[in-house]
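Trainee: Please take one part of this model and look at it closely with me, strand pairing above all. I would like a single connected account rather than a list.

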Amino acid sequence: MYNYYMDIFDKLTVGIILLDQKQKILLWNDWMEKKTELKSEDVIGQKIFDVCPRFEEPKYQCIIDKVIETGQGRFLSGALHGSFFQSIPVEVNNVYSLQNLQIEQIVLDYHHYLLIQVIDVTCQYQKVHQIRSFIKNLEIENDEIRQAEIIAKDLAMHDVLTGLPNRLAFMNRLSEIIGKPNKNNDSTAIIYLDIDNFKYINDTHGHSAGDILLQLTADRLKSAIRATDLVARIAGDEFVILIRGIHSREEIIHAANRVSRQFSNTFSVNDEQIAVTCSFGISMFPLDGEDPTSLIDKADVALYRVKKESKGGYQFYSNYDYGNAEE
């Protein structure tokens with residue numbers, strides 16, 4: 001009869017350990033041998049905590065004591081689960097990992113033997129690991145997407161050649177400024193500027209030289225404005241400057257002459273010195289318009305007047321014959 005039950009235990013797809021009340025191993029089925037590589041003859045007669053030291057932990061001793069005291073079986077909760085026996089590498093789906101053998105329940109039979117059932121949860125842990133890896137990779141991917149969105153947004157708001165804000169960025173900034181309550185009763189100036197005879201420079205020196213000239217112009221214009229102002233490239237050789245906090249016409253004339261002086265020295269392009277002048281028109285908020293498009297258009301009209309009459313200067317849209325005033 002004993003051999004009959006042993007055959008049954010050996011055919012089970014779970015681990016079975018039988019202990020006496022002194023916690024000595026009486027039975028170690030075939031499943032346990034395969035999973036732990038511990039032979040039955042080597043462990044029978046040993047105390048369970050000599051084979052599995054975790055059984056010496058108070059929480060497991062408490063469970064065993066309760067089973068012996070009450071005769072009631074105990075299913076181990078998830079909080080008590082853990083790898084109980086020596087882990088060995090096992091191949092699952094061509095991936096090697098350590099087995100995770102856990103105690104599922106401890107019961108007391110009518111002979112007062114303790115029967116311990118062991119299960120293999122390696123696959124479950126691998127699934128958890130896979131899910132965690134997937135979530136981690138998803139988070140990395142989301143971070144990369146967010147970073148790409150930031151870069152794309154930045155590129156969409158800047159001119160590739162000069163690095164200056166583009167027309168869209170300028171219009172957005174101008175909308176923000178004129179949309180706020182004007183507590184200081186000051187004005188905002190729009191300077192619409194282009195390089196005189198830029199097509200001729202491109203034709204005689206080449207487009208690469210023209211690109212360098214645009215980059216150098218951007219640098220000089222940035223140096224001519226304050227931190228609170230803004231310069232943008234809106235198309236070709238056309239630039240626009242936003243100057244805030246103006247309280248008098250003299251202030252904008254001073255700023256206009258400061259911009260003009262940036263073209264008083266030649267530009268060094270491919271070891272050549274190129275003399276360049278610029279023309280620009282000026283519109284004022286709120287005098288010449290109360291929306292970005294109107295202000296840009298009025299400054300462009302003023303620029304056109306300069307180009308038509310004589311290049312290399314500037315004019316205001318309103319009372320523009322005061323342009324070119326000296327500081």
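Mentor: We need one criterion before we begin: two strands are said to pair if DSSP finds at least two bridges between them. Please also keep in mind that this is a predicted model, in which the protein chain comes to 11 helices and 14 strands. Of its 327 residues, 42% are buried, and among the contacts with a separation of 6 or more, 57% are made by residues 24 or more positions apart.

By that criterion, strand β6 (residues 101-108) and strand β7 (residues 114-120) are a pair, for 7 bridges join them and they run antiparallel. Within this pair, I103 in β6 faces V118 in β7. In general, the strands of a sheet pair through backbone hydrogen bonds, either parallel or antiparallel. The two strands belong to an open sheet of 5 strands, whose order is β2-β1-β7-β6-β3 and whose pairing is antiparallel. The edges of this sheet are β2 (25-28) and β3 (74-75), and because each has a single partner strand, one side of each is left without a neighbour in the sheet.

The loop between β6 and β7 contains D109, which is partly exposed, with a relative accessible area of 25%. From C-alpha to C-alpha, D109 lies 9.8 Å from I68, although the two are 41 residues apart in sequence.

At D120, strand β7 is also linked to a helix by charge. As a general matter, side chains of opposite charge can pair when their charged atoms come close. D120 forms a salt bridge with K35, with the closest N and O atoms 2.8 Å apart. Since D120 lies in strand β7 and K35 in helix α2 (residues 30-36), the pair ties together parts that are 85 residues apart in sequence. D120 itself counts as partly exposed, at 24% relative accessibility.

The structure holds 10 salt bridges, and two others make a useful contrast with this one, for their partners lie within one helix. R173 forms a salt bridge with E176, the closest N and O atoms being 2.9 Å apart, and these residues are 3 apart in helix α7 (residues 167-179), a separation of about one helical turn. Both count as partly exposed, R173 at 28% relative accessibility and E176 at 44%. In helix α9 (residues 207-223), D219 and K222 are likewise 3 residues apart, about one turn of the helix, and their side chains meet in a salt bridge at 3.8 Å, N to O. D219 is partly exposed at 42% relative accessibility, and K222 is partly exposed at 41%. Elsewhere, D194, D196 and K307 are joined into one network by salt bridges that share partners.

D194 brings us back to strand pairing, because D194 stands opposite S279 in β13, and this strand shows how burial and pairing can be read together. Strand β8 (residues 187-195) is joined to β13 by 8 bridges, and the two run antiparallel. With β14 (residues 314-316), by contrast, β13 pairs in the parallel sense over 3 bridges, and the bridge partner of F280 in β14 is Y314. All 8 of the 8 residues of β13 (residues 278-285) are buried, so the strand is largely enclosed by the rest of the structure. Burial holds for both of its faces: C278, F280, I282 and M284 point one way and S279, G281, S283 and F285 the other way, and all are buried.

One charged residue deserves a separate word, namely D237, in the loop between β9 (230-235) and β10 (238-246). D237 is buried yet has no salt bridge, and the nearest side chain of opposite charge, K307, is 5.7 Å away, which lies outside the 4 Å allowed for a salt bridge. The side chain of D237 does, however, reach the backbone nitrogen of I195 at 3.2 Å. Apart from neighbours within four places in sequence, D237 is in contact with L193, D194, I195, F198 and L214.

Finally, a search of the whole structure finds 0 disulfides. Among the cysteines, C52 is buried, with a relative accessible area of 0%, whereas C62 counts as partly exposed at 44%.

Notes:
Residues numbered from 1 in each chain as written. Predicted model: local features only at pLDDT ≥ 70, side-chain atom pairs only at ≥ 80, totals over all residues. Heavy atoms only, no water. Disulfide = S-S within 2.5 Å. Buried < 20%, exposed > 50% of the residue type's maximum accessible area, 1.4 Å probe, protein only. Helix = DSSP H or I, 4+ residues; strand = E, 2+ residues; numbered from the N terminus. Lys, Arg positive; Asp, Glu negative; His and termini not counted. Polar contact = N/O pair within 3.5 Å; in protein donor to acceptor, adjacent residues only side chain to side chain. Contact = heavy atoms within 4.5 Å.
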